[in-house]
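Here's a quick walk through one model, helix by helix and loop by loop. Have the coordinates open while you read.

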Amino acid sequence: SIPETRAFFDGLNRDYLAVHRRKEELFWAFRMGTSDEGEEDYAAAEKAWKAFVSDPARLAAVRGRLAGIEAALPPGAGEAPGQAAGEAAELLRGLRGWKALFEANIVEGEAGRAAMERIVALEAELFAKRRKLVLTQLVAPGREAEATLGSLATNLAANPDETARRSSLASLRGLEGWVLANGFLDIVRARNELARSQGRSDYFDYKVRKSEAMSSAQLFAVLDDFELGTREANRRGLDELAAAEGRSALEPENLLYAMSGEVLREMDPYFPFAAALERWVLSFRRLGIGFRGASLQLDLLERRGKYQNGFCHGPIPAFLDRGAWVPAAVNFTSEGRPGQVGAGYRALGTLFHEGGHAAHFANVAGNSPCFSQEFPPTSAAYAETQSMFCDSLLEDADWLSRYARSESGEAMPPELIRRRVERAQPYRAFEERRILVVPYFERALYALPEAELEPARVLELARETERRVLGAESPRPLLAIPHLLDQESAASYHGYLLAHMAVAQTRAWFLGKFGYIADNPAVGPLLAEKYWAPGNSLSHDQSLRALTGEGFSARHLAADCARSAAEAWAEAEASMEAARTRAYPEDYPADLDASIRVVDGRELLADNSVSEARMCEDFAAALEKRYPRS
């Protein structure tokens, strides 16, 4: 009966919220280094959540309830979000969401469930050890400092001292050796064991099928085509760099600095770290992006024991509970070091990227929390499209001309914007291939015979893959990328490249329709309606069709990579001139419609309980107190 099915459905929503929230709150506390509970508590919460989403009994119950409703409704009822067909159709849509979630996460058999439990335990153990590991680097001649992954990356990109950059690379490669000596290969074995128990050849193929609903062969049909299409542009960019700067520019400790380091240093005064929060708030408001009453918690500064990579997770997924709105609770983090050259621009990138994730998940309007969470059946490519669209604005010349300001209010000079564009464009293909190299390595890693899963062989595989795909050894060594260590993000990095393809496609549509993106208040509502509200009830391809009218396509990104520096600057210059003369709409939202707390671990630095302006002032004041200018 409908009342019994309603009670069953409401119970699923309620029970999931409880187990999901417990897991996510411990995940945040554990990753932020603020937990009073041990790794065993977190592992138990993670295990309970995985047991819930992979429960065959719940899947069977959902299928049974679905069959009963489908038999009583006319064909096609409940197919579209918002379709008016009464409570039965609403339950039908929600139960189909639960069916998709359970099918995407189900682990068949005792062997599979045992392998999953072993993976959870091994990963918790590795992370607990990693949290205690201290990395170092030279930040100036003779001056060594503790380092995070973020500060190592920034030092490699922006420090003019080659010895300092070499020390950062040495720390990252040292981390690779540490990872291999502290259990990562046991995790690889356990993941492959899980995959084989589920009838798959290895973990990479298993994960791709779960996260993107395609085989690894189908995925690499797309990736191989993109690799071939950008191969010549990548080779040409590296050859030009070597001709201009010498062959040593292609060494991994020199590569990023040779490509753009001087320009990044020149840009630094126009991106003070303390202004990042304010620029994010204002830019999102002017885009018409709101958070529908969500509670946001931002932890933006580096500290020992904290997870060294930005991420966004939501303890409470947004949804409509019998028509009543349940706002999201979302946490996101970065690991900024105020005062380091390049740190302000990096902080802004994190705010736009992770804030884009938060906006997405805060605006999903399904009738169940199963539609608004970052795990399968939510496609990694779909989720990253939302965040990467937002952070793409930071490369736009019209956005830079409006927002890049020094502490004294001086605008970033157009000549510097031109140098930024012309310096970056020749290496556009290389930047995309820095993403591409990861899935090529992970596929090869999980396909290695058991006898070859040894540290020396895996390191050899990493360097060989970097040289083959990038044309040089990577300044970001593959095994130092934290995504590879965590089951949720492992074998999913290709989602970033698929997302970049979708972002280029989405940007082309917005530019074709409106002529501009930055500070266009029509952007946010369209994203919320077409991309965000349906959540994972639509596939990545379906969401792209809903907005752009075109299925997933790589052609826009390939065209971006193929442009010359002169072409890129001509487009950028035209956008700046249009921005200078455009009458921008003033009817953008007065605030982000969110309750925001900015914290450093357990300490509150600022919040918007008075206003967003006051929050930004308090954040800047807190930074000035903690990191006084020398």
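Let's begin with a helix pair. The axes of helix H17 (residues 428–447) and helix H18 (residues 455–470) come within 9 Å and cross at roughly 145°. The crossing of H17 past H18 is right-handed. On the H17 side, the residues that meet H18 are Phe 430, Arg 433, Arg 434, Leu 436, Val 437, Tyr 440, Phe 441, Ala 444 and Leu 445. Their partners in H18 are Val 458, Leu 461, Ala 462, Thr 465, Glu 466, Arg 468, Val 469 and Leu 470. Sorted by class, that contact has 12 nonpolar, 1 polar and 4 charged residues.

Keep in mind that this is a predicted model. The mean pLDDT of the protein chain is 94, with 98% of its residues at 70 or more. Residues 80–84 are a stretch to handle with care: pLDDT stays under 50 there, and the model has 8 contacts beyond four places in sequence for them.

Next up is helix H14 (380–391). How many of its 12 residues are buried? The count is 11, so H14 is mostly covered. The buried set is Ala 380, Ala 381, Tyr 382, Ala 383, Glu 384, Thr 385, Gln 386, Ser 387, Met 388, Phe 389 and Cys 390. These residues pack against H9, H12, H13, H19, helix H20 (523–532) and helix H21 (540–548).

Do the helix lengths add up or fall short? For H14 and H19, here's the check at 1.5 Å a residue.

| Helix | Residues in helix | Expected span | End C-alpha atoms apart |
|---|---|---|---|
| H14 | 12 residues | 16 Å | 16 Å |
| H19 (residues 494–514) | 21 residues | 30 Å | 30 Å |

The expected span agrees with the model for H14, and the H19 value agrees too. Just after H19, Gly 515 takes a positive phi of about 90°.

Gly 515 has company when it comes to backbone oddities. Ala 213 is not a glycine, yet its phi is positive, at about 55°. Ala 213 sits in the loop between helix H9 (203–212) and helix H10 (216–245). Its relative accessibility is 70%, so Ala 213 counts as exposed, the cut-off being over 50%. Arg 292, also not a glycine, has a positive phi of about 50°. You'll find Arg 292 in the loop between helix H12 (276–286) and strand S3 (294–301). Arg 292 counts as partly exposed because its relative accessible area is 35%.

Where is Pro 377, at the end of the cis peptide bond from Pro 376? Pro 377 lies in the loop between H13 and H14. The omega of that cis bond is near 15°.

Two buried helix residues round things off. Arg 31 is in helix H1 (residues 2–32). Is this arginine buried or exposed? Arg 31 counts as buried because its relative accessibility is 7%, and buried means under 20%. Leaving out residues up to four places away in sequence, Arg 31 touches Tyr 42, Phe 127, Gly 305, Lys 306, Tyr 307, Phe 311 and Asp 486.

Thr 350 belongs to helix H13 (residues 343–362). With a relative accessible area of 15%, Thr 350 is buried. Which residues does Thr 350 touch, not counting those up to four places away in sequence? They are Thr 333, Ser 334 and Gly 355.

Note on methods
Residues numbered from 1 in each chain as written. Predicted model: local features only at pLDDT ≥ 70, side-chain atom pairs only at ≥ 80, totals over all residues. Heavy atoms only, no water. Helix = DSSP H or I, 4+ residues; strand = E, 2+ residues; numbered from the N terminus. Buried < 20%, exposed > 50% of the residue type's maximum accessible area, 1.4 Å probe, protein only. Contact = heavy atoms within 4.5 Å. Expected span 1.5 Å × (residues − 1). Axes fitted to C-alpha atoms, helices over the stretch in contact; angles between N-to-C directions. Left-handed = near helix turned anticlockwise from the far one by under 90°. Nonpolar A, V, L, I, M, F, W, Y, C, P; charged D, E, K, R; others polar. pLDDT = per-residue confidence, 0-100.
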